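Biologist: Hey, got a minute to walk me through this one? I'm new to it and would like to start with the ligands.
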Amino acid sequence: MKYDTILFDLDGTLTESGAGITRSAAYAFEKLGIPVPEQAILDRFVGPPLVASFMEYAGLDEAGAIRATELYRERYSTIGWRENRLYPGMAPLLKALKARGAYLGIASAKPELFVRRIAEHFGFDQYFDAIVGITMENTNADKVALLRQALPGAYDPARTAMVGDRKFDMAAAKKLNVAAVGVAFGYGSREELEESGADEIADSVAELRALLLPGEPAERGAFITFEGADGCGKSTQMKLAADYLSERGWEVVSSREPGGCPSAEAIRDVVLDVRFKGMSPECEALLYAAARAEHVRRVILPALEEGKIVLCDRYLDSSYAYQARGRELGDDFIRQINRAALAAAPDRTLLFAGDRGVTARRMRAGGSLDRIESERDDFFDRVDRAFEELAAAEPGRILKIDSDRSIEEIFADVRAALDALIG
Ligand code: ADP
Ligand code: TYD
């Protein structure tokens, strides 16, 4: 680790917050009856103190700019602050720095109330030792004072860095004699960072990671599978999970089985095609295993090695449920032909289970049935029972979730499981 004390700016450094800020600035212009400037001008509101920006771009005097800031906050405090997300890859970076014992702080020119609310909402408050912003009354934020406040009592300037996207951040770091690390993926340009004395510049979160943790590869990501009977609602929950994790700064790869890469998708077309009704159970099981072998090697393992979170709609458990038990091929056969999947065992499996009548209705509502969905009831009874048995045999990995509830209620359980696994 190159620095053991690292302060971060918030907007444009940790979070991609432009939409909420620029829309709230546009709202203030509208309310004041001043023509809303073009997007390139609105973008300049991200980062610097708002009063200064309103004076510069709305042609207001200080009293007018303070009024504009109040109007801005009308929208920002209700809607704008949520129009935000951590940059992809930022969560694993913060987690890795924290795990190595770094002191991490946030020094933002935003009211501290909002900084804390955002950090809590997007789940990154847990990584920070200090969270510092301005007070609601103090409209002229002095970045040097904010940095001083965010620093620990004792620190070694040679091992301390300020990471930010604008000239204000670089200038404040220089004043305090700590390293000025610029991020060019935020709202300032590389030129702005160079001109304001950045010691180092990262063009992406991956570059920032390489700079803060030189020579240290990414930690393995996490593999989460979504299982259950056809129509249980797992695809709906997986989409919500992907959005939730992305907002919180994780790089997410969403995939499905059979499929997930071109060759495996081609196998999917064959295995689900109703023209092949009556396909032998062995052929069916081998096709699922063949698609999986390719998917594991081409998609799942590379993504996990890059520290990404892989979400997969069905995986090996489906082969145990549908082919080993549903088709009665037996577990041993499925284990043998799925050896490639051993290299990628799920860290967590969410099994959505509920009343068969409810899931079957949802399945039928989806339109025409594929070859598997057209099976008889006794087949699905065996599949349901198999999922129950798999969950009972591996309670540490498989979490059973009641799917006979509203989408929001189910997602509360999914979210809790994600938080427990990833933090
Ligand atoms: P699966 O992936 O298990 O086949 P989907 O997520 O595609 O299931 O959901 C099947 C259908 O049921 C979709 O039309 C979806 O909008 C609907 N659905 C999903 N979850 C629920 C729920 N909890 N309550 C009511 N309808 C739901
Ligand atoms: P899909 O349309 O993805 O169904 P769902 O939305 O219900 O997941 O089709 C996948 C079908 O393939 C599904 O009926 C379950 C079946 N399947 C198996 O039989 N074995 C397997 O190993 C996998 C991955 C899926």
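**Two ligands, one at a time**

Modeller: Sure. The largest pocket is the space taken by ligand 2. Keep in mind that this is a predicted model.

Biologist: Okay, how many residues surround ligand 2, and which are the closest?

Modeller: There are 15 residues around ligand 2, and the closest are Asp230, Lys234, Arg314, Ser319 and Gln323.

Biologist: What about polar contacts? Start with Asp230: how far is an N or O atom in its side chain from an oxygen atom of ligand 2?

Modeller: That distance is 2.5 Å for Asp230. Lys234 has a polar side-chain atom 2.6 Å from an oxygen atom of ligand 2. Then there's Tyr288, with a side-chain N or O atom 2.8 Å from an oxygen atom of ligand 2.

Biologist: And how much of the accessible area of ligand 2 does the protein cover?

Modeller: On its own, ligand 2 has 540 Å² of accessible area, and the protein covers 90% of that.

Biologist: Which helices supply at least two residues of that shell?

Modeller: Those would be α13, covering 281–305, and α14, covering 316–326. α14 gives the most, with four residues.

Biologist: What's the mix by class in the shell around ligand 2?

Modeller: Seven charged, five nonpolar and three polar residues.

Biologist: Switching to the other one. Which residues are around ligand 1?

Modeller: Going along the chain, you have Ala229, Gly231, Cys232, Gly233, Lys234, Ser235 and Thr236, then Arg362, and then Arg405, Ser406, Ile407 and Ile410. Lys234 turned up before, as one of the closest residues to ligand 2.

Biologist: Which backbone atoms come up in polar contacts with ligand 1?

Modeller: Gly231 has a polar backbone atom 3.1 Å from an oxygen atom of ligand 1. For Gly233, a backbone N or O atom sits 2.9 Å from an oxygen atom of the ligand. With Arg405, a backbone N or O atom is 2.8 Å from a nitrogen atom of ligand 1.

Biologist: How much of ligand 1 does the protein bury?

Modeller: The protein buries 65% of the 560 Å² that ligand 1 exposes when taken alone.

Biologist: Which elements give two or more residues to its shell?

Modeller: α11, spanning 234–247, and α18, spanning 407–422. The largest share comes from α11, with three residues.

Biologist: Last one: what are the classes in the shell around ligand 1?

Modeller: Five polar, four nonpolar and three charged residues.

Methods:
Residues are numbered from 1 along each chain as its sequence is written. Chains are lettered from A and ligands numbered from 1 in the order in which they are written. This is a predicted model: local features need pLDDT of at least 70, side-chain atom pairs count only at pLDDT 80 or more; totals for chains, interfaces and linings use all residues. Side-chain values use heavy atoms; hydrogens and water are left out. A residue is near a molecule or strand if one of its heavy atoms lies within 4 Å of it. A polar contact is a pair of N or O atoms within 3.5 Å; within protein, one must be able to donate a hydrogen and the other to accept it, and residues adjacent in sequence count only if both atoms are side-chain atoms. Accessible areas come from the Shrake-Rupley method with a 1.4 Å probe; for residues, only the protein chains shown count as cover. On a 1 Å grid over the protein atoms alone, a cavity is a set of points where a 1.4 Å probe fits but cannot get out, and a pocket is an open set with protein on both sides within 12 Å along at least five of seven lines; lining residues have an atom within 4 Å of a point. A molecule sits in a cavity or pocket if more than half of its atoms lie within 2 Å of its grid points. Ala, Val, Leu, Ile, Met, Phe, Trp, Tyr, Cys and Pro count as nonpolar, Asp, Glu, Lys and Arg as charged, and the others, Gly among them, as polar.
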